[in-house]
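This briefing introduces selected features of one protein chain to a first-year student. Please keep the sequence and the structure in view while reading the points below.

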Amino acid sequence: MTTYGGFQPVFCTIVPPHVLDRLARHGDPVLAGPARRTLQRDALERTRRGLTTVIGAPAVAPLAGAEPGKPQRTVYDARHGTDLPGRKVRGEGDEPGQDATVNRAYAGLGATFEHYLEVYRRDSIDGAGLPLDATVHYDREYNNAFWNGEQMVFGDGDGEIFLDFTVALDVIGHELTHGVTQHTANLTYYGQPGALNESVSDVFGSLIKQYTQGQTAAEADWLIGAGLLAPRVTGEALRSMKAPGTAYDDDVLGKDPQPATMDDFVRTGRDNGGVHINSGIPNHAFYLLATELGGHAWERAGQIWYDVLTGGELAQDALFADFAELTVKAARARYGDGDELEAVTKAWEQVGVRTP
């Protein structure tokens, strides 16, 4: 099933369904209520996205007077409703306003645009100057953020488990990278290709944060969604690329279920075949590569991943082994038979994914 340009946009959220499912079953309605409403809203948005893939979505044209290589950002306020995009509150070049959420969303769109342009010479997420739209203050106590194939949407969180979803730059970068994948490899959102889709977003979400903060691989925290969990939660973030399975261990949320290697690969029909769970394996492979190479992770390690994502050889239904094989090929093509090739091969070996 395809839409305009042959793309198949998917509805991608930052908080996995298994986390919200557990919250929704909690005995305290203060915790369970927002989670249930979020799951219901996500189901509706997912259905809408599915209908769009059938009937087609309108192509988004550049804004009038837009310059190539310059961002075209627009932030909207849903005012706790669910009609998208909402009321425009900040356009490209406008001064910051009183709403910190609006300002963070605007800055996050810009940081993501800047990273792709300056590091990989990519003009916006489609490579052709696509305007970047975001809606904030979506619904009430909405515990998620998502890319719906056309724009970013941020909830404010419930204040009990999750805080404002614009607080974590890597969350913004993660979701917008789903748009990059949509316009390049278009990985199927199920099973191993879906986990690769999620992992690619985690990788570049982390790199965008590292690039903005000027961090080396050794200095980075390698956490996805640090600062997003409310103070009552026992945990650091939603996911850890450095140590999958350790991001949180909470009496309400449970324990982070991500595996770090294929030995612990999770077979499930939930969460589109475990796309948010098994993404820990390729995530960890990237972390191992980046830290082995050292320096800035967006340079050599990120370049290899970007070459695979955009190179035209990555199949929509690629498995971990297929992706790993292409990273070996990309490392050799760009860097020869040096440290990069050895590090890529070693990283995949450490997580139990075979390479040629």
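Is Glu-45 buried or exposed? The model is predicted, and in it Glu-45 has a relative accessible area of 5%, so this residue is buried, since buried means under 20%. The points that follow describe the surroundings of Glu-45, two annotated regions, two helix pairs and two further residues.

**Glu-45 and its surroundings**

- Helix H2, which spans residues 29-55, contains Glu-45.
- Leaving aside residues up to four places away in sequence, Glu-45 is in contact with Phe-11, Tyr-138 and Phe-146.

**Annotated regions**

- According to an unreviewed UniProt entry, residues 75-182 carry the annotation "domain: Peptidase M4".
- Across residues 75-182, helix accounts for 32% of the chain and strand for 18%. The C-alpha atoms at the two ends of this region are 21 Å apart.
- The unreviewed UniProt entry also gives the annotation "domain: Peptidase M4 C-terminal", which covers residues 185-353.
- Across residues 185-353, the chain is 47% helix and 5% strand. Here the end C-alpha atoms lie 20 Å apart.

**Helices H3 and H4**

- Two packed helices are described by the angle between their axes and the distance between the axes.
- Helix H3 covers residues 100-120 and helix H4 covers residues 169-182; their axes come within 9 Å and cross at roughly 55 degrees. This angle makes H3 oblique to H4.
- The crossing of H3 and H4 is right-handed.
- On the H3 side, the contact is made by Arg-104, Ala-105, Gly-108, Leu-109, Ala-111, Thr-112 and Tyr-116. On the H4 side, it is made by Leu-169, Ile-172, Gly-173, Leu-176, Thr-177 and Val-180.
- Sorted by class, the residues in the contact of H3 with H4 are eight nonpolar, four polar and one charged.

**Thr-112 in helix H3**

- Thr-112 is located in helix H3. Its relative accessibility is 1%, and Thr-112 therefore counts as buried.
- When residues up to four places away in sequence are not counted, Thr-112 touches Ile-172, Gly-173, Leu-176 and Ile-208.
- Thr-112 and Gly-205 are 93 residues apart along the chain, and their C-alpha atoms are separated by 8.3 Å.

**Helices H4 and H5**

- Helix H5 comprises residues 191-213 and packs with H4 at an angle of about 130 degrees, the two axes being 7 Å apart. H4 and H5 are therefore oblique to each other.
- The crossing in which H4 passes H5 is right-handed.
- From H4, the residues in this contact are Leu-169, Asp-170, Gly-173, His-174, Thr-177, His-178 and Thr-181. They meet residues of H5 that include Asn-197, Glu-198, Val-200, Ser-201, Asp-202, Phe-204 and Gly-205.
- By class, four nonpolar, 10 polar and four charged residues make up the contact of H4 with H5.

**Ser-201 in helix H5**

- Ser-201 is placed in helix H5.
- The relative accessibility of Ser-201 is 0%, so Ser-201 counts as buried.
- Which residues does Ser-201 touch, not counting residues up to four places away in sequence? The contacts of Ser-201 are with His-174, Thr-177 and His-178, and these three residues are listed among those by which H4 meets H5.

Terms used. Residues are numbered from 1 along each chain as its sequence is written. This is a predicted model: local features need pLDDT of at least 70, side-chain atom pairs count only at pLDDT 80 or more; totals for chains, interfaces and linings use all residues. Side-chain values use heavy atoms; hydrogens and water are left out. Axes are lines fitted to C-alpha atoms, for helices over the stretch in contact, and angles run from 0 to 180 degrees between N-to-C directions. Helices (H or I, at least four residues) and strands (E, at least two) are DSSP runs, numbered from the N terminus. Angles under 35 degrees count as roughly parallel, over 145 as roughly antiparallel, 65 to 115 as roughly perpendicular and the rest as oblique. A crossing is left-handed if the near helix is turned anticlockwise from the far one by less than a right angle, and right-handed if clockwise. Contact means heavy atoms within 4.5 Å. Ala, Val, Leu, Ile, Met, Phe, Trp, Tyr, Cys and Pro count as nonpolar, Asp, Glu, Lys and Arg as charged, and the others, Gly among them, as polar. UniProt positions are given in the numbering used here, feature names are shortened, and annotations may be inferred rather than shown by experiment. Buried means under 20% relative accessible area, exposed over 50%, partly exposed in between (1.4 Å probe, protein chains only).
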